[in-house]
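Trainee: Could you take me through the ligand site first, and then look closely at one strand and at the salt bridges? I would like it as one connected account.

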Amino acid sequence: MPSTLPPGDPVPADGALPADALASLGPGGFGVYVHIPFCASRCGYCDFNTYTAAELGGGGAQREYAGTVLAEVDLAARVLDGAAPSVRTVFFGGGTPTLLGPAELGRVLDGVDKAFGLAPDAEITTEANPESVTPASLRALRRAGFNRLSLGMQSVAPHVLATLDRVHSPGRAPAAAREALAAGFEHVNIDLIYGTPGESDDDLLRSVDAAIEGGVDHISAYALTIEEGTAMGRRVRRGEMSPTDDDVLARRYELADERIRAAGFDWYEVSNWSRPGGECMHNMGYWDGGEWWGAGPGAHGYVGSTRWWNIKHPNAYAQALADGRLPVADFEQLDARAMHTEDVMLRLRLRHGLPLAALSDGERARAEAVIDEGLVALDADRLVLTDRGRLLADAVVRTLLD
Ligand SMILES: C[S@@+](CC[C@H](N)C(=O)[O-])C[C@H]1O[C@@H](n2cnc3c(N)ncnc32)[C@H](O)[C@@H]1O
Ligand code: SF4
């Protein structure tokens, strides 16, 4: 049963959330994220919580994973105690969810439906590596209830794919996008990475063109982040590879933006473009006041003002569930100031913008200065980043905040 938790308490054995968190659940939409922490091989730039079978001492964790994560979903339904509205969005992310295969992914989705109830028009996404799907597996995913696919393509330039340790051929991602559309997926996304060492402007533009030719209605483009603790991070530290210069990254963003918009897409978040109606509603939930349960190792959840995160390692995560415990590692209750900071950071990155009314008097005064600098503009009563402001979104947020 829900009970009140003072801030900073250790996670209660039954995973109960504060009663006021449950009371306020739902108006911004409720989603479920399912993390699938497995990859066939690891890309040198990636620091997501994912493991190869060898790193987990064999494929057992992966074979049993649907049952493991469903145990968490059942406990989650008990913790939320009927307070959650029907689920508007489900997102299977990774790792490589499609390594589990359509039958197992469908089994987990059915479990989410039984535990919480899916809204009739729910958006159901899975991420997929291009080489891990076939026309037949895509049709099976579609039959299992998935209606949105997100493919990691990153680039079409063979030397860029090699630097990123990608194992698919340059043309595989657009081909998989076309196969997904033929299988009846309503929405398909392609992820691109720009700014990989050795990439040229032309490499990026050819990648954007290939994504568009795949017929997708959504493109995400991320600047390569060189993460500490990854194989790429070590290469940079040893001086074997140099990160791409910030001015070059800014130019690549502008080139990609121009090309994507010329094809009939528009930006709706700094790193995300869609055709009309193609926005990812699950991610919009993260950015615009939604709440969600995050299931799986290392997954984060957010309900009311409470945020929690799960045990990171898949084996320890599975052990907690085998012991009948929610696998929560820790939680925090955000105070009004922390919630405001997040609100400004996330909503200012949206095309929809940030209502002026959300800002304090001091922040509104500083907003005038960033308007004068041409980094944001007023759209009715909302602050919206200009094209130049999108290149400096983090700096704008830092300037605005008290
Ligand atoms: C969690 S990954 C899962 C996608 C899928 N496993 C794949 O690689 O095809 C989601 C996306 O995050 C992006 N990503 C991962 N690491 C990144 C990094 N270090 N810098 C920029 N983007 C990154 C990639 O575009 C990737 O497609
Ligand atoms: S980028 Fe995707 S395939 Fe590569 S290691 Fe990360 S999650 Fe796995």
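Mentor: In this predicted model, ligand 2 is surrounded by Cys39, Arg42, Cys43, Tyr45, Cys46, Gly95, Thr96, Asn129 and Arg166. By character, that shell divides into four nonpolar, three polar and two charged residues.

Now the strand. S5 covers residues 187–194, and eight of its eight residues are buried, so the strand is largely enclosed by the rest of the structure. In general, the side chains of a regular strand alternate between the two faces of the sheet. Here His187, Asn189, Asp191 and Ile193 point one way from S5, while Val188, Ile190, Leu192 and Tyr194 point the other way. Both sets are buried, and the first of them includes Asp191 as well as His187 and Asn189.

The pairing of S5 involves two other strands. Strand S4 (residues 148–154) runs parallel to S5, and six bridges join them. Within that pairing, Leu151 has Ile190 of S5 as its bridge partner. S5 also pairs in the parallel sense with strand S6 (residues 218–223), again over six bridges. Ile190 appears here too, with Ile219 of S6 as its bridge partner. To get from S5 to S6, the chain passes through helix H8 (residues 201–213), and this β-α-β crossover is right-handed.

Next, the salt bridges, of which the structure holds 26. One of them joins the side chains of Arg172 and Glu179, at 2.8 Å from N to O. Arg172 has a relative accessibility of 17%, which is under the 20% cut-off and therefore counts as buried.

Another set forms a network of salt bridges linking Asp257, Arg261, Asp266, Asp387 and Arg390. Inside this network, the side chains of Arg261 and Asp266 meet at 3.5 Å, N to O. Arg261 is partly exposed, with a relative accessible area of 30%, and Asp266 is also partly exposed, at 36% relative accessibility.

Arg390 and Asp387 form a further salt bridge of the network, their closest N and O atoms being 2.8 Å apart. Both residues lie in helix H15 (residues 387–390), three residues apart, about one turn of the helix. Their accessibility is not alike: Arg390 counts as buried at 3%, whereas Asp387 is partly exposed, with a relative accessible area of 46%.

Definitions and conventions
Residues numbered from 1 in each chain as written. Chains lettered and ligands numbered in written order. Predicted model: local features only at pLDDT ≥ 70, side-chain atom pairs only at ≥ 80, totals over all residues. Heavy atoms only, no water. Near = heavy atom within 4 Å. Nonpolar A, V, L, I, M, F, W, Y, C, P; charged D, E, K, R; others polar. Buried < 20%, exposed > 50% of the residue type's maximum accessible area, 1.4 Å probe, protein only. Helix = DSSP H or I, 4+ residues; strand = E, 2+ residues; numbered from the N terminus. Pairing = 2+ DSSP bridges. Right-handed = clockwise from strand over helix to strand, strands pointing away. Salt bridge = Lys/Arg side-chain N within 4 Å of Asp/Glu carboxyl O.
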